[in-house]
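Visitor: I would like to learn how to read a model of this kind, one feature at a time. Please show me the structure before we begin.

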Number of protein chains: 2
Amino acid sequence: MRTMLLAASAAFALSVPLTAQEATKPVALAPSEIVAAAPKADWVAIPAEDLLVMTLAPDADGKPRQVVIQLMPAPFSQGWVHNIRLFARAKWYDGISVNRVQDNYVTQWGDPNYDNPEATGKPKPLPEGLKVMGEAEYLTELNASVSPFLWFRDHRIAYEGFGKSGSVQLRPVPRRANFFDPYSPIVTFSNGFPIGTAFAPNSPPEIGWPTHCYGMVGVGRNYSPDTGSGAELYTVIGHAPRHLDRNIALVGRVIEGMQHLSSLPRGSGALGFYTAEEAGKRTPILSVRVASDLAAGEQPKFEYLSTESDTFATYAEAIVNRRDPFFIVPAGGADICNIRVPVRRVAP
Amino acid sequence: MRTMLLAASAAFALSVPLTAQEATKPVALAPSEIVAAAPKADWVAIPAEDLLVMTLAPDADGKPRQVVIQLMPAPFSQGWVHNIRLFARAKWYDGISVNRVQDNYVTQWGDPNYDNPEATGKPKPLPEGLKVMGEAEYLTELNASVSPFLWFRDHRIAYEGFGKSGSVQLRPVPRRANFFDPYSPIVTFSNGFPIGTAFAPNSPPEIGWPTHCYGMVGVGRNYSPDTGSGAELYTVIGHAPRHLDRNIALVGRVIEGMQHLSSLPRGSGALGFYTAEEAGKRTPILSVRVASDLAAGEQPKFEYLSTESDTFATYAEAIVNRRDPFFIVPAGGADICNIRVPVRRVAP
C-alpha cells in the first residue's frame, strides 16, 4: 500500500554515530526512536509551579479546549514569570479573551478593553505586587547556574562543547553540520529552552536570551522603556519572528493544546485584532491556574528531554542529517527552531 | 493613547542609506513606506497563466473562501507547474478536499480517497498528459535566464552582487548584516521567489532551488524515486521546514487567502490527516481555475515587487535593521523566510 505523504513524522532510518569508535558502525534510529529510547534519567520533570493551565471556552462543537504553558525556568525572565504567577493567583486572567490573531505571526490574549483600538469598555485594574522589569532583563548573563550544553558554534560544527556548569568538554563531532544563525552568533539550548548567545563586549561573560520559536510565549508591551507586565501574552503561530529576540520578554512555551491558539480565525483589524464587528470571535479564557494550585489529582505532569543529555545531542544530529527513505538530500544543517525540545505528558 | 502591541506591522522609522553618498543623510522610511514609494516600474505583473484561483466551500458563517496561488515562474519546477495547469483545466481538482492539517507544518489537499489511510472510496483516475519529473528537476542550473540579484553571500554582507542576467555589479554595502543560512551556502531571490543556491561540485554553474518558506506550495509525493504529479498539494503553515528543500518540488506560493488554509482545524490522525470520524472537517474544494481561463472581467490581477529592483534591496535591508521606536536592538540579520516578497492586488 502506498502512502502519499510528507515524511516529517514518518519513520526515520538514520545513521547516527554515537561516538568516534561507533562511527564505523552506524545505528539506524529515527529521531522519535532516539527519544523513545532515552533512559528515564534523561527526562526532566517540569515543576508544577512552572505549569500554567489555561482553559478556553469550549469550541463550536462543545469540546473542551485546554492549553498548557511551561514557564521559563531560572535564570531567564524571572521577573515577568513572577508576575504571571501573580496574575494567575489573583484570578486576573479569568474572563479575559483572545483578542488578536495575526496570520504567520502571533495569537495574543489579554483584557479586551486594555489598549485595544476596538475596546468597548473600561480596562480591568491590575493586581498589586507586580514587578516592573528593566530592558536589561531581556539579556541574561550565563554563569555556572546555566549549562549551555549543545553549542552550535563555529558555524560548521554540530556541537563541540559539552559539560555542565561551565566546564566545557570536547567530544568528537560526528558529522559536519551547519548551524548558521542569522540572529545570533551562537545558538544553543539551556534547561530545555532554545537560547541565542553572544559574548559581551569585553567577554567573558557570555550573555544569552530565549529565542522566538513557534509556540514560545511572550509578554506584550508598549513602546520602550515599557517592558510589559504579563497582562498581555502572545504565542508565535508562524515562522519564527526572531527579530523580536532581545526586544521582548519570553516567558515560556505552549507544551500542549497549541492547536487551540494557532487555528483560531484571523482578525481582520489592524495587526490582526478582531474588529468591533468581530467581537464574537474573541475566544473567552475561562481560567488560568498555576498547576501547583490545583488539587493533587488534577495537576498535569510533564517532562522534557534534558537538553543537557547525550540523547538530546543525538536527537539534534539526527534532525540535521535525515537519512530516512523519504529524503534524497539531507539538509546538513538545521535552524534552532526546527530542533524542537521533546515534551511528554506523564501519568500523575 | 497607548497602543499595546507587538510592532511587526507598526509604522517603522528606519535609517536607510540608499547609496554611498546618501549614507550620511539617513532617510526615515518604514519597510511598508519603502514598498509604497516604489516606482510603478518596480512592480512586476504576474501573468494570468501563473495565477491559480482556488474556491473553497463557504465557511461556517456562509462567507466565501478564495485562495490565490502564484505558480513558480521559469526556470524552476516547470514540469510540475505544467501538470498543475493540466489538472486545473481538466477540472480534476473540482470536488477534492483539504484532508490534512498538521500544526506547525502543512495543510494538504487532494483526492480524499488517494493514499489516505482514512479513505472510504475509490481514487479518482488521473488525467492524461501528465509529465513524470525526475529528481534532478528539484535543482535548477542558474544561467542567463535567471537573475539572482540580491546575493546574501559571505555570511556577513547584506548584498554585494547586483545586476541582471549574470552581469554582477557591486555597490556599497550599506550596513553589515548577517544572512547566515543553515540550509544552503547562499540565499537569494530570483524572479520574485526565495532561492537557496550552491555551486555544483565543479563550479560553475551555480545551482538553485526554491525554499520552503511560510505559504509556499509544494507537491506531495511518495517515496523516492516518485516526485509527485501535482494531484496532492500542500502549503506551509508553520515554521519553515527547510529540510524539505531539494527533496520535494515547490510550485508556487499562496498570495491571497492564506488564512483560509492556515486556520483550519488540525487533524487528529497520523500526520494531521482527518480521521474517518472527522471526515466532516475536510474542507471541500469547489473549483480550481487558471486565471487566464476566466472571463476577462473575472481575472484577478496581482503584481509583486521586483526582487531585482533597488527598492527590494532597500526593503530587505530595512527588515534586517529595524530602527522604529518599538525596537531596542535591531537584529542585524534576517532569515530569508522573514523577508517576504511584497505582492499586491491591483484593479483589473
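Guide: We shall go through confidence, symmetry, the interface and one helix.

Guide: This is a predicted model, in which local features need pLDDT of at least 70 and side-chain atom pairs count only at pLDDT 80 or more, while totals for chains, interfaces and linings use all residues. Residues are numbered from 1 along each chain as its sequence is written, and chains are lettered from A and ligands numbered from 1 in the order in which they are written.

Visitor: What pLDDT does chain A average?

Guide: The pLDDT is the predictor's confidence in each residue, from 0 to 100; chain A averages 82, and 79% of the residues score at least 70. Over residues 1–27 of chain A, however, the pLDDT is below 50, and the value is also below 50 over residues 147–175 of chain A. The model as a whole scores ipTM 0.87 and pTM 0.88.

Visitor: By what turn can chain B be laid on chain A?

Guide: Two copies of a chain are related by a rotation about an axis and a shift along it. Here a turn of 180 degrees with a shift of 0.0 Å along the axis lays chain B on chain A with an RMSD of 0.0 Å, superposed by least squares on the C-alpha atoms of residues with pLDDT of at least 70 in both. That is the relation of a two-fold axis.

Visitor: How many residues of chain B are in contact with chain A?

Guide: Counting two residues as in contact if their C-beta atoms, placed from the backbone, lie within 7 Å, 57 residues of chain B touch 57 residues of chain A.
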